[in-house]
Amino acid sequence: MGTTISGGVRTALKHHQCFECMRDIAPRQQYGFQTNVYDGSIYTLAWHLDCQECANEYRAMSGNYYDGEGFPPLREEWWESGEYERELEWWRGLYPHVVARMELTDQLREARK
């Protein structure tokens with residue numbers, strides 16, 4: 001079981017990767033973070049504030065709660081549900097930047113093929 005040792009909101013001094021959407025958090029952008037200890041390892045998660053808000057709403061609506069291992073990233077949850085495109089459309093009007101970042105990842109992946 002993991003333990004949270006700190007968390008909050010910071011202003012980025014360098015680039016980070018958002019845990020929820022997997023896109024870049026740019027310097028000077030505010031972001032949420034949580035530092036944890038799990039099996040003796042210390043790690044920090046970072047996320048866009050709107051990604052975390054969307055993830056919290058999604059999990060509350062879907063009833064997806066996890067044990068001490070924590071939640072998978074939101075993008076992964078939507079993909080593994082088999083309803084990725086439907087989720088993007090549903091959340092587009094509520095969290096347009098979250099959806100746009102996920103779609104950008106899809107477009108960049110497709111362009112590399």
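Guide: A residue is buried when its relative accessible area is under 20%, exposed when that is over 50%, and partly exposed in between (1.4 Å probe, protein chains only). You're looking at a predicted model, where local features need pLDDT of at least 70 and side-chain atom pairs count only at pLDDT 80 or more, while totals for chains, interfaces and linings use all residues. Residues are numbered from 1 along each chain as its sequence is written, and side-chain values use heavy atoms, with hydrogens and water left out.

Visitor: Let's try that out on W79: is it buried or exposed?

Guide: The relative accessibility of W79 is 57%. Because that passes the limit of over 50%, W79 counts as exposed.

Visitor: Now for the inside. How many residues does the largest nonpolar core have?

Guide: A nonpolar core is a set of buried Ala, Val, Leu, Ile, Met, Phe, Trp, Tyr and Cys residues joined through side-chain atoms within 4.5 Å. In the largest one here, C54, L74, W78, W91 and M102 have the most contacts. The residue count for this core is 21.

Visitor: Which element gives the most to this core?

Guide: Helices (H or I, at least four residues) and strands (E, at least two) are DSSP runs, numbered from the N terminus. Two strands, β4 (30-38) and β5 (41-47), each supply at least two core residues, as do the helices α1 (49-62), α2 (74-80), α3 (84-92) and α4 (96-112). With four residues, the one that gives the most is α1.

Visitor: Which residues is C54 in contact with, leaving aside its neighbours within four places in sequence?

Guide: Contact means heavy atoms within 4.5 Å. C54 is one of the core residues with the most contacts inside the core. Leaving aside neighbours within four places in sequence, C54 has as its partners L74, W78, W91, Y95 and V98.

Visitor: I spot plenty of rings. How many aromatic pairs does the count come to?

Guide: Rings of Phe, Tyr and Trp (its six-membered ring) pair if their centres lie within 6.5 Å; planes under 30 degrees apart are stacked, over 60 edge-to-face, and the rest tilted. By that rule the number of aromatic pairs is six.

Visitor: What angle lies between the planes of Y58 and W91?

Guide: This pair links distant parts of the chain, with Y58 in helix α1 and W91 in helix α3, 33 residues apart. Both Y58 and W91 are buried. Their rings sit edge-to-face, 6.5 Å centre to centre, and the angle between the planes is 75°.

Visitor: And W79, how far is it from Y84, centre to centre?

Guide: These two form an edge-to-face pair, with 65° between the planes. Y84 is buried, with a relative accessible area of 4%, whereas W79 is exposed. Centre to centre, the distance is 5.0 Å.

Visitor: Which residues form one aromatic cluster?

Guide: You've already met the pair Y58 and W91. Both belong to a single aromatic cluster, made up of Y58, W78, W90, W91 and Y95.

Visitor: What area does the nonpolar surface patch with W90 cover?

Guide: Patches are made of residues with over 30% relative accessible area and no salt bridge: like charges are joined within 9 Å, nonpolar side chains (Val, Leu, Ile, Met, Phe, Trp, Tyr) within 5 Å. W90 lies in helix α3 and is partly exposed at 47%. Together with M61 and L94, W90 makes a nonpolar patch of about 360 Å².

Visitor: On to charges. How many salt bridges does the structure hold?

Guide: Side chains of opposite charge can pair when their charged atoms come close. A salt bridge is a side-chain nitrogen of Lys or Arg within 4 Å of a carboxyl oxygen of Asp or Glu. E20, R59 and E77, for example, are linked in a network of them. The total number of salt bridges is nine.

Visitor: How far apart are the closest N and O atoms of R101 and D50?

Guide: R101 sits in helix α4 and D50 in helix α1, 51 residues apart. R101 is buried, with a relative accessible area of 16%, whereas D50 is partly exposed at 22%. Their closest N and O atoms are separated by 2.6 Å.

Visitor: Which residue meets E87 in a salt bridge?

Guide: E87 counts as buried, with 7% relative accessibility. The partner is partly exposed at 47%, and also meets E83 in a salt bridge of 3.1 Å, N to O. At 3.4 Å, N to O, the residue that meets E87 is R86.

Visitor: Last one: how far apart are the C-alpha atoms of P27 and G63?

Guide: P27 is found in the loop between β3 (24-25) and β4, and touches A12, L13, K14 and H15, not counting residues up to four places away in sequence. G63 is 36 residues from P27 along the chain, and their C-alpha atoms are separated by 34 Å.

Conventions. Areas by Shrake-Rupley, 256 points an atom, 1.4 Å probe, with all protein chains shown as cover.
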